[in-house]
Every structure is written in structure tokens, then in C-alpha cells.
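Reader: Could you take me through one part of this model at close range? I would like a connected account rather than a list.

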Amino acid sequence: MGKIKYLIECEGIKEDEILCISFTNETVNNLYGKLRDMGYDIEVKTFHRLGLKFLKNRNYTPIEDGYLEFIIDEYFKSFIKYDKKRVRILKNLLFTEQSIDKILKSEEYLHLKELIATFIRLAKCNNYSLVDIYNVYKREFFNNKIILHNILDIYMIYSRELESLNRIDFDDMIIKAIDDVKYFDLKYKYIIIDEFQDTSLIRYELIKEIIKYTQAKVFVVGDDWQSIYRFSGCNLNLFINFNKYFEDCGYYYLKYTYRNSNELISVSSSFIMKNKKQLQKSIVSNKNNNFPLVIMFEYTPEEVLKMIGDKDTLILGRNNADIAHIDYENKLTIHRSKGLEANNVILVNSDSIPNMIKCEDILKYVLNDKDYILFEEERRLFYVALTRTKNRIFILVNKKISPFVKELMHDYKNYIRVLKKR
């Protein structure tokens, strides 16, 4: 907001010459409200809302969330189920002899469905065509070839369904908008983008297309240490190598934090820099806390809440299942906690990070980073959890100890208290 105030009051930029982009409806609405309170009527949009703006003359209707998963289910229930040869192939793929009805209710099938949906969404985010996927299919063998065959079938069915219904999904909102920018008389002189480390290739291409017709300057804010949406199409290279994608760049580093203590900064900074491609930063705080991390064995969240006795406490989990059973109001998964803070944080089910399931070999064909390091993104996710606290983070451990927790206990024991139930 400070940048916007400076542009308007010091540089004479008009309100309709500024475009602000953030990544969620919540942050967009929050920013828009604050700007209105300051007396500014600035255009603030998510990338998807921006895409819809350029498609307003096309009469597209966005498809409901989960439609791709519906198509995948229909494919296996209506097509595969009644083909004996394909059923046998599916059984071999999932290493099971269960009936097809039981297979379609199994955890293995749910995982396969998630994998296929993730592959297709990543393909669209990174502008891979059906031809590109077919070329990969021709080179593959055994299980990957079987999955890719299913993916090609489902991708074609999904595309035909969207076309016949005149509907678009979230990626189409951006992909199709890129072609329609030229039809608009845009006045933008400045484009301001928040959380730029989470930008995908198609989002970048939309911005470049707007710049092509407006010559607008771009101002972005981001932190590569908090890039945790790789499996949703985020291309971290766009942030780390910003000067390769945008000309005449200047960099400004924010080194002061008013949230974390110097001790927590020391631990979390060292922890995240074990990822080889993260940018080196120097962060300074005016706060100190000798033991900012407390690792607790066999404690429940309720017991820790009672122990802390502070209403300003945030409970975090790797996924919704980790926190669903906890009767406590202040609990957005780690992914949804970015930008949030609390006096104290409780991380439940810490052994779920890192998550092995996401490391699927077949996804390498549609991911933008060919040099992916095992658990690179999971380390950034754990870093986000560590840095939500203004005081202490309480990491709950049950019988299984996460590799990350073991690492903390070994490498940073001078900053950690360990509590075990007797």
C-alpha cells in the first residue's frame, strides 16, 4: 500500500493506471478494503478474476471446482469398469486382486485419481499440449505408459466436455485471456503483484502480454523461502531468475522482521538454506527468545493449549485431516497460513512433513523444474510453519519422528526444549 500511495501522491499516477494482483480472494478483498479506507479506488484482482475480465465478451462460464475429478471417476466407472482387459491392467497397476467396485473405493484409487488430476493441471499451467503428452507417452514403458494412456484419454474427454458446455476451468481463464488482451484499451502504467514466488508460467505470460500493449512497469513482492505451490503449477524460477524474464530490474531487500525472534530466525534461515537454490538473505529482528522451539512427545493439542494459556495461539497441520478433529477455532492448514501470525503456534502431526506421496516420478514431465531435489518444497512448507509465531512454536510428535524434527533436534539443540511425558 505504501508503494501505491507513493505512486499516486508523489508520481502523479492516476488510480485507473494501477493494477494490483494477489493470489486469493481473501487477500484481494482485504487489500481492496484497505485501499478504499485510504480513499483509493484501485483495481485489485486475482489472476483468475483478471483472466475473466479479458474474457467478458466470450460468454464463458467457469466450471465448478472438482469437475476434473468427476470426469476421472466417470472414466473409470463407465469406461474401464466394463473392459476386462483394462480392468486387469488397472489391477496390475495398483497391485491388487480386489473387484473393480472395491478398487474404485480404495485408497490406492484415490491416490491414482489425485495423481492424474495433478498431472493434467500441471500440464495446463505449464502450457503442455496433448501432443506434448503424447510424445512423452511414446517414450515411456510399463506403469508410466499405462498411466499416461489413461491421462491422454481423460484429458481429451475433459477438454471435449468443457468445449461442449462452453465452460472453462481456472487455468483456461488465464490461457484464453492471453489471446484477448489485444482487444482491450488498457491504461495501466504500473502492475503490482503480491506473492510473486507462487506465479505459474501462464500467469507470467498473461502479465507479459499486458506489458506488450501498455508498456507498464512491474513491481513484485515475494519470498522464495515461502514458495509452497509447486504442485499447483508455481514456477519458482520466475522469481529466482527474475532478471531473465523482465528487463532493467532493480532489487530491494527487506531485512527487518517484527514477528520472529533472532533465535528463531537463526534456526529457520539455516534450515531453509539447506535447499541449494534458495536465495541467501540476512534477516534481523529486535526480539529475542532463547528457546523459540519446543518439541513435545505424546502431548495432545488440547493439553498444550491449556499449558500455554494464550488465546492468541494458532494450530497448524499438514492437511485438513490433521486438524479436523480439534475443537478449536483458530486452526487454515500450513498452506493456508501464509501471511498469518500468532503469539504461539502448535504444529500437530509433525511426522506428516515431509510427505512422501507427492514425490511421483511421472509428474517430472509436467513440472517446470527438472533439477528437483527430494523434499525441497516440503522443507519450504516446514519453514512457513516455523515462522508463523511471534513467540514459540510447539511441535507435537507422536511415535514416529519426522526427518525434519530429527534434523532440528540434532542441528539446533541450543535453541530447543524437548518435553516428554513420563
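Reader: Which residues have the most contacts inside the largest nonpolar core, and how many residues does that core have?

Author: Happy to, keeping in mind that this is a predicted model. The largest nonpolar core has 41 residues, and Phe76, Leu90, Ile154 and Ile362 are those with the most contacts inside it. Several helices supply this core: α4 (67–80), α5 (84–94), α6 (100–103), α7, α8 (130–139) and α9 (142–165) each give two or more residues. Of these, α7 gives the most, with nine residues. In soluble globular proteins, nonpolar side chains tend to be buried together.

Let us stay with α7 for a moment. This helix covers residues 107–125, and at 1.5 Å a residue its 19 residues should span 27 Å; the C-alpha atoms at its ends are 27 Å apart, so the expected and computed spans agree. After α7 comes Asn127, which has a positive phi, near 60°.

Now for Phe76 itself. Leaving aside residues up to four places away in sequence, Phe76 touches Lys81, Leu90, Leu104, Tyr109, Leu112, Ile116, Asn150 and Ile154. Two of these partners, Leu90 and Ile154, are also listed with Phe76 among the residues with the most contacts inside the core. Tyr109, Leu112 and Ile116 lie within the residue range of α7, the helix that gives the most to this core.

To finish the picture, another core lies apart from this one; it has 32 residues, including Ile21, Leu50, Ile207 and Ile210.

Technical notes. Residues numbered from 1 in each chain as written. Predicted model: local features only at pLDDT ≥ 70, side-chain atom pairs only at ≥ 80, totals over all residues. Heavy atoms only, no water. Helix = DSSP H or I, 4+ residues; strand = E, 2+ residues; numbered from the N terminus. Expected span 1.5 Å × (residues − 1). Core = buried A, V, L, I, M, F, W, Y, C linked by side-chain atoms within 4.5 Å. Buried < 20%, exposed > 50% of the residue type's maximum accessible area, 1.4 Å probe, protein only. Contact = heavy atoms within 4.5 Å.
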